[in-house]
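Thanks, everyone. I have one structure to go through today, and I will keep it short. Please have it open in your viewer.

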Amino acid sequence: MPADVPRPVPGPVEAPFWEWCARHELRLPRCADCATFRFPPRPRCHVCRSAAYTWEPVAGTGTVASYTVISPPVLPAFADRVPYNAVVVELDEGPFLVSNLLDVANEDLATGMRVEVTFVDVADGFALHQFRPVVTTEAAT
Ligand SMILES: [Zn+2]
């Protein structure tokens, strides 16, 4: 991925998400009072209105809830990638993340696919969360 892709410009509430991604760790804000994950990050819990939260690690596994294939026209930084996918992943903990699914041909995309997070370093201090299919191995019994 080229280093000149547009970067997020996070505010103080969202900045830790990208800082954890740079460390290749998926963490989401979780309410300190009722334990509800709040993603996208927001100052108050949508369930109990608490302002208290911590950044908790999540497993990074989930299911493709929706997807699309991006075709031109796109921003110049993405011109060499088209057609590429964009997916919505429902994490096992419940929140939804928009991302890309790696290692899958566009014609093989499907909802319900089991996926796991991986991180792609784009530039110094900036990494994107991406997903790839979960590789399952059958237990030999
Ligand atoms: Zn809450």
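Seven residues of domain 1 touch 11 residues of domain 2. On the domain 1 side, the residues making that contact are six nonpolar, one polar and no charged. For orientation, the domain assignment puts domain 1 at 9–57 and domain 2 at 59–134. Their centres, taken over C-alpha atoms, are 21 Å apart. I should say now that this is a predicted model, so please hear everything that follows in that light.

Next, the overall layout. The protein has one helix and seven strands, and in chain order from the N terminus they run α-β-β-β-β-β-β-β. The C-alpha trace spans about 50 × 45 × 25 Å along its principal axes. Of the contacts with a sequence separation of 6 or more, 50% are between residues 24 or more positions apart.

Now the sheet. In what order do the five strands of the open sheet stand? The order is 5-4-3-6-7, with antiparallel pairing. Strand 5, residues 96–99, and strand 7, residues 126–133, have a single partner strand each, so each of these edge strands has one side without a neighbour in the sheet. Ignoring direction, neighbouring strands are turned by 35° against each other on average.

At one of those edges, strand 4 and strand 5 pair in the antiparallel sense over four bridges. Within strand 5, Leu 97 is the residue opposite Val 89. Helix 1, residues 15–22, lies across strand 6 and strand 7, and makes an angle of about 70° with strand 7.

That brings me to the core. Of the 141 residues, 18% count as buried. The largest nonpolar core has 12 residues, including Leu 26, Leu 28, Val 58, Val 64 and Phe 131. Val 89 and Leu 97, the pair I just mentioned, are also members. Which strands supply at least two residues each? Those are strand 4, residues 84–91, and strand 6, residues 114–123. Strand 4 gives the most, with three residues. As general background, nonpolar side chains in soluble globular proteins tend to be buried together.

One core residue to click on is Val 115. Setting aside neighbours within four places in sequence, Val 115 is in contact with Gly 62, Val 64, Val 89, Leu 101, Phe 131, Arg 132, Pro 133 and Val 134. Among these, Val 64, Val 89, Leu 101 and Phe 131 belong to that core as well.

That is what I have. Questions are welcome.

Definitions and conventions:
Residues numbered from 1 in each chain as written. Predicted model: local features only at pLDDT ≥ 70, side-chain atom pairs only at ≥ 80, totals over all residues. Domains from an automatic or database assignment. Contact = placed C-beta atoms within 7 Å. Nonpolar A, V, L, I, M, F, W, Y, C, P; charged D, E, K, R; others polar. Core = buried A, V, L, I, M, F, W, Y, C linked by C-beta atoms within 7 Å. Buried ≥ 20, exposed ≤ 12 C-beta atoms within 10 Å, placed from the backbone. Pairing = 2+ DSSP bridges. Axes fitted to C-alpha atoms, helices over the stretch in contact; angles between N-to-C directions.
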